[in-house]
Each structure stands twice: as structure tokens, then as C-alpha cells.
Amino acid sequence: MFQWLRALNQTTTYLGVVVIVAIWGGVFVLAHAERERANEEGLRQGSNLTRVFEEYISRVIEGTDSQLLLLRKVYEHDPVHFDFASWTDGGRILSDLTVHFSIAGADGIITLSSLGPVNSRVDIDKFESFKFHVNSTVDQLYISTPSIGRLSGKLSIQLTRRLTAPDGSFAGVIGASLDVLQLEKFYDSIDIGRAGVITLVGSDGIIRARSGRAPTAREFIGTSVSQTRMFDLSRQSPAGSYWNSSSTTHRFEGVDRLISYRAVQGLPLFAVVGLAESDVFQQAELTIQKYHQAGIALAAIVLIAMTIGLKRELQLSTATAALQQTNARLGDQTFKL
């Protein structure tokens, strides 16, 4: 045991320990730098995707609103003789995203629809999209929460504007229904990774649309996220990114995500992209594994060198001890002679 301790007490051993510490220190530094690069790339990707998403939503909403304003102008000019069919023939105003346009009177009963004649009573006076305009004198576009359309039977978002009578009184609403599922087809064309999600959220915190590869992604449409960190940050900046909290992770598919958001200019909406942590760091983890493998290989080489040096030191120590014993015996024999 004493010989082993003496053998370890050599420059080669100390140098080997220093080299191993340096190797794993280097691995740690490289791994940390790799994760930082991946995080920065995730931030850039999330920011770019929200910008693309925000521009798309802005075009869709503003384009539909332009049609609403044009229809309203024509309708208010001559409500009695307004011919809805002439506008819808040839698909002049309808698109894949637009389910239909409709007009409701001041009593909340839909009188006209681009889907055709309204043969049954459809009353929307209890809908928030109607009550908003009844209680407001401001000409403002209202974007509803998702609901099943009374006429179309499709999950849709209502875009509505106030109708005004010649005397300035409330005369009803004109609205357009956007198909949520068609809207989400655009999301599916964006690469957000295996567990990423893309979400359209209102300033009221209600999810308007949500899509991702997970089959549960759409189940959260209509859910409130007003208590999430995004709304705290959005008061400071119209765009930003953050990692979701443990409570949010548990609530939404149990996935840790890098959340990037961007306010849609001029509209009470947020474009939100969530990139899964596993996707953000996937390539970095593969590279870090290579660093670990290289570290293990280099440390093993150093340990082998240290072992060889230790064995040689033990052999030298043993040989020296044997030589000393021999010299001692020869010295005793000489003394006796």
C-alpha cells in the first residue's frame, strides 16, 4: 500500500489529473456554448416565424375587413334593394378562408347570408360580436372567439362591423366568418418541429386558432391563456420570447417550449409560436454527445498513460527496494567477515 502511495506521488500523476480536469472543463465549456448557440438560434427562428405569421394574419384580417367595408358601403346605400347573390357569384368575395358573409338587423336576426336565402330564424343578439356593436358608437372591427357557426356549422371566427342608419342610430351588424380549420392549414406549412405549436391569441387571452403535429393541439381552441407570462411581457414590448413555466408545461401537452410572440399591428391579436425544447436543442445534444465521447476517449488515454507510468514507478520502486535489501545483506556479510 505504501508503495502504491509513493508511486502515485509523482509528476506524471499530477500532470495526468490536471489534463483530465482540463479535458472535462473544455467539454463543459463547449457544451455550454453549443446550448447557448442553439438557444439563440431558437430565438431567431421563433422571432422570424412570428413575423411571418403576423404578416399572414394581418393580410387575411385586413383583406376580409376591406371586403366588409365595401359590402357595408353598398348595403347602407340601398338596404332594400341590396342583392347579396350578385356579390357572391363567381367567388368575387369568398375565399377558402371565408365561410360566408352575413347581415343582421338591429334586432339581432340574420336577414341576409352569402350562403343563400335564410329560411329559418337565426338570432345572434346574445352573441358578444353583436352586443359589442350595440353598446359602442365607435366604428371598430370586432374579432370574436371561435364558435360553431349558426348557419355554416363550421368552427369559425366572426369579423363584424357596425351598421348605421341614416339618422346615425344602430342598424345591425355585417359580418364575415373565417374557417378556423382552413386558417390552420397555413400553420401546417410552417416547420415548427415535431412538438411545436403555432397559435393565434386575442388580446383578451382567448385562443382563436392553434395547430401542431400533436393530435391534442386543437383541443385548446377557445381556452384562456390570459394568466401566462406573455401578457406581462407584452405590456413592455409588442414582441418577445420566453421559456414557459412548469405550470404552463403541465397544462399544454406537458412539453417545455420556447414561446415567441408578436402583436399583430393594428389588431387585438397576437401571433404566437412555441418551439419544443427537444427540437430547439436536438442538434446541440447530438454535438454535445460527440464532445462527451471525445472527452471520455481523451481521458481514457490519459488514464492509460498514468497507469503505465504508475506501473513503471512501482517496478522501479520494487527494484530499488530489492537492490537496497541485497546491498544491506552484502554489507552485513562483509562486516561479519
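Is R44 buried, exposed or partly exposed? Let's start there. R44 counts as partly exposed, at 45% relative accessibility. One caution before I go on: this is a predicted model.

R44 has a salt-bridge partner. That partner is E41, and the closest N and O atoms are 2.9 Å apart. Both residues sit in helix α2, which spans residues 11–77. They are three residues apart, so about one helical turn separates them. E41 also counts as partly exposed, because its relative accessibility is 41%. The cut-offs here are under 20% for buried and over 50% for exposed.

That is one bridge. How many salt bridges does the structure hold? Eleven. I'll pick out two others.

Take D65 and R161. They form a salt bridge, with the closest N and O atoms 2.7 Å apart. This pair links distant parts of the chain. D65 is in helix α2, R161 is in strand β5, and their positions lie 96 residues apart in the count. Buried or exposed? Both D65 and R161 are buried.

Now D139 and R72. Their side chains meet in a salt bridge at 2.8 Å, N to O. D139 lies in the loop between α4 (128–134) and β3 (142–143), whereas R72 is in helix α2. The pair therefore ties together parts that are 67 residues apart in sequence. The two ends differ in burial class. D139 is partly exposed, with a relative accessible area of 43%. R72 is buried, with a relative accessible area of 11%.

Put those two pairs together. D65, R72, D139 and R161 are linked in a network of salt bridges.

Next, cavities. The structure holds two of 30 Å³ or more. I'll cover the second largest. Its volume is about 190 Å³. What lines this cavity? There are 17 lining residues, and S102, I110, I124, Q158 and S177 lie nearest the centre. Four elements give two or more residues to the lining: β1 (98–104), β4 (147–148), β5 (155–164) and β6 (170–179). Which one gives the largest share? That is β6, with three residues.

And the chemistry of that lining? By class, the second largest cavity has seven nonpolar, nine polar and one charged residues around it.

To recap, in brief. E41 and R44 pair within helix α2. D65, R72, D139 and R161 form a salt-bridge network. The second largest cavity, at about 190 Å³, takes the largest share of its lining from β6. That's it from me.

Key
Residues numbered from 1 in each chain as written. Predicted model: local features only at pLDDT ≥ 70, side-chain atom pairs only at ≥ 80, totals over all residues. Heavy atoms only, no water. 1 Å grid on protein atoms, 1.4 Å probe; cavity = no way out; pocket = protein on both sides within 12 Å on 5 of 7 lines; lining within 4 Å. Points joined across faces, edges and corners; volume = space filled by probe spheres on them. Nonpolar A, V, L, I, M, F, W, Y, C, P; charged D, E, K, R; others polar. Salt bridge = Lys/Arg side-chain N within 4 Å of Asp/Glu carboxyl O. Buried < 20%, exposed > 50% of the residue type's maximum accessible area, 1.4 Å probe, protein only.
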